[in-house]
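Biologist: I'm new to this one, so could you take me through a single part of it closely? The sheet in the second chain would be a good place to look.

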2 protein chains.
Amino acid sequence: MPIRVLIADDQTLVRTGFRLILNADPGIEVISEAADGEAAVRLAQRYRPDVTLMDIRMPKLDGLRATELLAGPTVVDPLRVVVVTTYDVDENVYAALLAGACGFLLKDAGPRLLLEAVHAAAKGESMVSPSVTVRLLKHFTEDAGARTPPRPDIPLTARELDVVLAVARGRTNAEISAALRISLSTVKSHLASVQAKLEARNRTEIAIWAWRNRLLT
Amino acid sequence: MPIRVLIADDQTLVRTGFRLILNADPGIEVISEAADGEAAVRLAQRYRPDVTLMDIRMPKLDGLRATELLAGPTVVDPLRVVVVTTYDVDENVYAALLAGACGFLLKDAGPRLLLEAVHAAAKGESMVSPSVTVRLLKHFTEDAGARTPPRPDIPLTARELDVVLAVARGRTNAEISAALRISLSTVKSHLASVQAKLEARNRTEIAIWAWRNRLLT
DNA sequence: GATCCCCTAGTGCCCGCGCACTAGGGGATC
DNA sequence: GATCCCCTAGTGCGCGGGCACTAGGGGATC
């Protein structure tokens, strides 16, 4: 059984291009096309395709709103939507993912990537354009291991700082241990020395210290 | 000028498979291979390949450490490393990204994905396996979703607020009980309902909520 | 008067955390 | 080579805190 795909884009040429690429894959079948956002929502709700390719800039209803209607957090039985756009703008990525998109592709991506994205979406996985992914990972690693020295010159080691930041995010010792790939004992060791250095009585005071000193925002 | 690739994997069959796939692409040239982590680091430092494919489980030095040595945050002129592994474990993903990997691939990925990953890495972009991406996005939207509705308008009762503020100052339940002149049980009761309302998992997350919403300075 | 919420209070359970202490490998410094 | 610090890891212990549940008095609303 092939993957049933709906294409939503206001430009005929783009739709045709996508259709040709997708139909060349025997595992994929384009079942319908929409030229504006309203039609996209209507057709998607009627046919319930396995994957919907959604352009952002469309008449009547833009692709992000349409995505929210089809895959948003409040939808009971969300569809899989891959957002496709020309412009690699951070706000678009952000909005698309919050709207429930399970993929974000730039139109300059090659056919291989488009096919991968459709297959991934159909499996419940996600595919994001590499140029977007790199920023996503940056976001992630900054969040996870922002090794910025603290304002008041308390000599925390790099590892201790990792633990402090995790605590300040409300993580448990077990979670920290998994995230940093060290044992529970080691987490406790670091935490104990941090606690002594900061003269904190418990982990909450450590978290407060981190917030007070603007290690987090 | 083709993309120069180093393959690091202890299994000969895997290396051969990768080499065949990569060499089929005229834009890619496999310049060397390593069968353990130490050799990977040595060869990578000598030849400085555009992209290194790095297995995690390897003799002598595991791929994560090797990646850290080649692309870690402390390295002056980091190389591009794509981590490749059999096991889709969260800790591996975290560790790989923190070690500076600009890609994370599962070995069950198809050849298309491997090629895309190498091309992306060479361009300074990033490619992550779809099954991993889906979890990465979940993290992202959770983080973002926790930020977007900065709801100070959660209906906390006066007494609950007292307790929250005390917690946000690092007080223990016993101290709160004494300060507010109520029993320990009552403190726990209030705290339990606060916890439910804020969807917090522990008192630290309650304290974080208070600071994030500027209930304290 | 009935209903609802808030504040108060309790019991039992047990897991996570903090405390004290030890310890070895590795890198940097003297 | 000796010393120091960092990161790692472990054991044992005990308390604080989170979880589930019940419950009664009082004020406000319907």
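Modeller: Sure, a definition comes up front: two strands pair if DSSP finds at least two bridges between them, and strands (E, at least two residues) and helices (H or I, at least four) are DSSP runs numbered from the N terminus. Bear in mind that this is a predicted model, where local features need pLDDT of at least 70 and side-chain atom pairs count only at pLDDT 80 or more, while totals for chains, interfaces and linings use all residues. Residues are numbered from 1 along each chain as its sequence is written, with chains lettered from A and ligands numbered from 1 in the order in which they are written.

Now to the sheet. In chain B, six strands make an open sheet, and reading across you get β2-β1-β3-β4-β5-β6, with parallel pairing. At the edges sit β2 (28-34) and β6 (127-128) of chain B, each pairing on one side only. Let's zoom in on β6(B): two bridges join this strand to β5 (residues 103-106) of chain B, and the two run parallel. There, B:Gly103 stands opposite B:Met127 of β6(B). In general, strands of a sheet pair through backbone hydrogen bonds, either parallel or antiparallel.

Over by the other edge strand, helix α1 (residues 12-23) of chain B lies across β1 (3-8), β2 and β3 (51-55) of chain B. Its direction is at about 165° to β2(B), with axes being lines fitted to C-alpha atoms (for helices over the stretch in contact, meaning C-beta atoms, placed from the backbone, within 7 Å) and angles running from 0 to 180 degrees between N-to-C directions.

Finally, the chains meet: 39 residues from chain A and 38 residues from chain B make up the contact. On the chain A side, α6(A) gives the most, with 12 residues.

Notes
Contact = placed C-beta atoms within 7 Å.
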